[in-house]
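Trainee: I've got this model open and I'd like to know how the labels on it were earned. Can we go through them one at a time?

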Amino acid sequence: MSEPFLPPIGMLAELTHRCPLQCPYCSNPLELLKANRELDTQTWLDLFSQAADLGVLQVHLSGGEPTLRRDLEQLIAGLSARGVYTNLITAGVGIAEGRIEAFAEAGLDHLQLSFQGARPATTDRIGNHGGSHEKKLETARRARAAGLPLTINAPIHRHNIEEVPEFIDLALSLGAERLEIANVQYAGWALANRDMLMPERAAVERQADIVAAAQERLAGVMNIDFVTPDYFAIYPKPCMGGWARDAFMVAPDGTVLPCHAAQTIPSLRFERFGERTLAEIWTDSPAFNAFRGTGWMQEPCRSCERREVDWGGCRCQAMAIAGDAAATDPACIKSPIHNHMAILIDAALAQAAPEGAESFIFRRIGATTRPDKSA
Amino acid sequence: MMTLRERALVSMQSVPSLPKHVRIQYDPVRHAFAVLSPEKVFWPNEISLDILRRCDGRSTVGHIIADLASDYDTDQEAVAADVIAFLREWSDKLLVKL
């Protein structure tokens, strides 16, 4: 491997795995960490400082629910003092009076608020938390009143895909600058719940038309980012912009990872901040170097003209579906097992329970052991 | 009830500024100016930077064009089309406020 590597631009900090919601597509690992495994304030501040030295310009503060960290104001202030752009990714439920204003005062640049549905009943059912929709509306109002720029994040799946036009109206009515229509990616809890979350083909096509029309209609009014569903794709996404290329994430216990689901690749070992510096992990960690650049690629990726467009797609999806983390992402039409995606869609739809009768594995500690979903 | 934002159109009288969620910052690691926005980082070229730096919430588009033409020692018409096209694109992406 001789690709020159670049300094990282972005970092996702999963401050905690604790969360009041139990969304069945959570991107956290199935084995959730308890509060006693979380890094303390000073360690996060040291980590952020090293990240800024390394070239990180943006930090996304996420979880779990990051506002459950009582030191969040302090962490934001630490990043802000280093000129790092801070984005708080929150479920917006149960944030105490005065805190959103305190985040803004500490220097928070932007707030991203998730809605599980555009309708209250959907939000409350998917997050398994009664009254959460109303609390989220209140969080949005408080964020706007504090002068914070706002993104609404809508994770899309079978049970809310028909609400996409309502999500657009909701985001507009809340004064959001940005809306993410993000189709659920089947890793973590979403993989465990895949059969219940898979949307119908016709609904996916309708959604694409609705979003494209809204993007055109709302130019200059609201940005709409569309994360398309992998299983229905022709080409894969450049997951994380390429493995260890310009972004990374840190788990609540300080484990530094190339992506959310990297721990599902059994051959890799990951290092924790504190055992080594961030710079050492970014440059030298065998796990980061395993799929960096293009040297690791097999055919058809190796000779593909898109190899530096999508960087082979998602390594974790290759692991989950092809059983080989170095395989071409099966979402790619050039993958020899691309047809597995269609088979998995059909299998999921054949098993889909009638509306309201589905039995999600809700995200909570101890809800499941590692399910065998390899296809 | 919140009034909905409307798409802004560029005119010579528009007074562009950077919205709160966008900022220009020098990056000492890469020795370049970055534009930071919610999910994206942009690396504008020199001319784009010269336009963005003049989006100060006080100068009109007409004034920015005249200023750039003078700095680049060229006539205003040559600059105007580029500046207007740039501001339209950035305004449509909500990266510049008009």
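Mentor: Start in the loop between α11 (286-290) and α12 (315-322) of chain A, where Pro300(A) sits. One caution for everything that follows: this is a predicted model.

Trainee: What makes the bond between Glu299(A) and Pro300(A) a cis peptide bond?

Mentor: Its omega is about 5 degrees, and the bond is listed as cis. There's another cis peptide bond between Gly63(A) and Gly64(A), with omega about 10 degrees. Gly64(A) is in the loop between β2 and α2 (72-81) of chain A. These catch the eye because most peptide bonds are trans.

Trainee: And what makes Ala244(A) worth flagging?

Mentor: Its phi is positive, about 55 degrees, and it isn't a glycine. Most residues other than glycine have a negative phi, so a positive value stands out. You'll find Ala244(A) in the loop between β7 and β8 of chain A.

Trainee: How do you know which strands are the edges of the sheet in chain A?

Mentor: Read the order: β7-β6-β5-β4-β3-β2-β1-β8-β9 in chain A, an open sheet of nine strands with mixed pairing. β7 (223-227) and β9 (256-257) of chain A each pair on one side only, which is what makes them edge strands.

Trainee: Why do β6 (178-183) and β7 of chain A count as paired?

Mentor: Pairing takes at least two bridges. β6(A) and β7(A) have five, in the parallel sense, so the label holds. For one of the partners, look at Glu180(A), which is bridged to Asp225(A) in β7(A).

Trainee: Now the two chains. Why is Asp109(A) with Arg23(B) called a salt bridge?

Mentor: The cut-off is 4 Å between the side-chain nitrogen and the carboxyl oxygen. Here the closest N and O atoms are 2.6 Å apart, so the pair qualifies. Two salt bridges are counted between chain B and chain A.

Trainee: Which elements of chain B give two or more residues to the side that touches chain A?

Mentor: They are β1 (23-27), β2 (32-36) and α3 (76-92) of chain B. β1(B) gives the largest share, three residues. By class, that side of chain B has nine nonpolar, four polar and eleven charged residues.

Trainee: How do you know how big the interface is?

Mentor: Interface size is often given as the accessible area lost when the parts come together. Chain B and chain A bury about 2400 Å² between them, with 53% of it on carbon and sulfur atoms. The contact takes 24 residues from chain B and 35 from chain A.

How values were computed. Residues are numbered from 1 along each chain as its sequence is written. Chains are lettered from A and ligands numbered from 1 in the order in which they are written. This is a predicted model: local features need pLDDT of at least 70, side-chain atom pairs count only at pLDDT 80 or more; totals for chains, interfaces and linings use all residues. Side-chain values use heavy atoms; hydrogens and water are left out. Contact means heavy atoms within 4.5 Å. Buried area is the accessible area (1.4 Å probe) that two parts lose on being put together, summed over both. Helices (H or I, at least four residues) and strands (E, at least two) are DSSP runs, numbered from the N terminus. Ala, Val, Leu, Ile, Met, Phe, Trp, Tyr, Cys and Pro count as nonpolar, Asp, Glu, Lys and Arg as charged, and the others, Gly among them, as polar.
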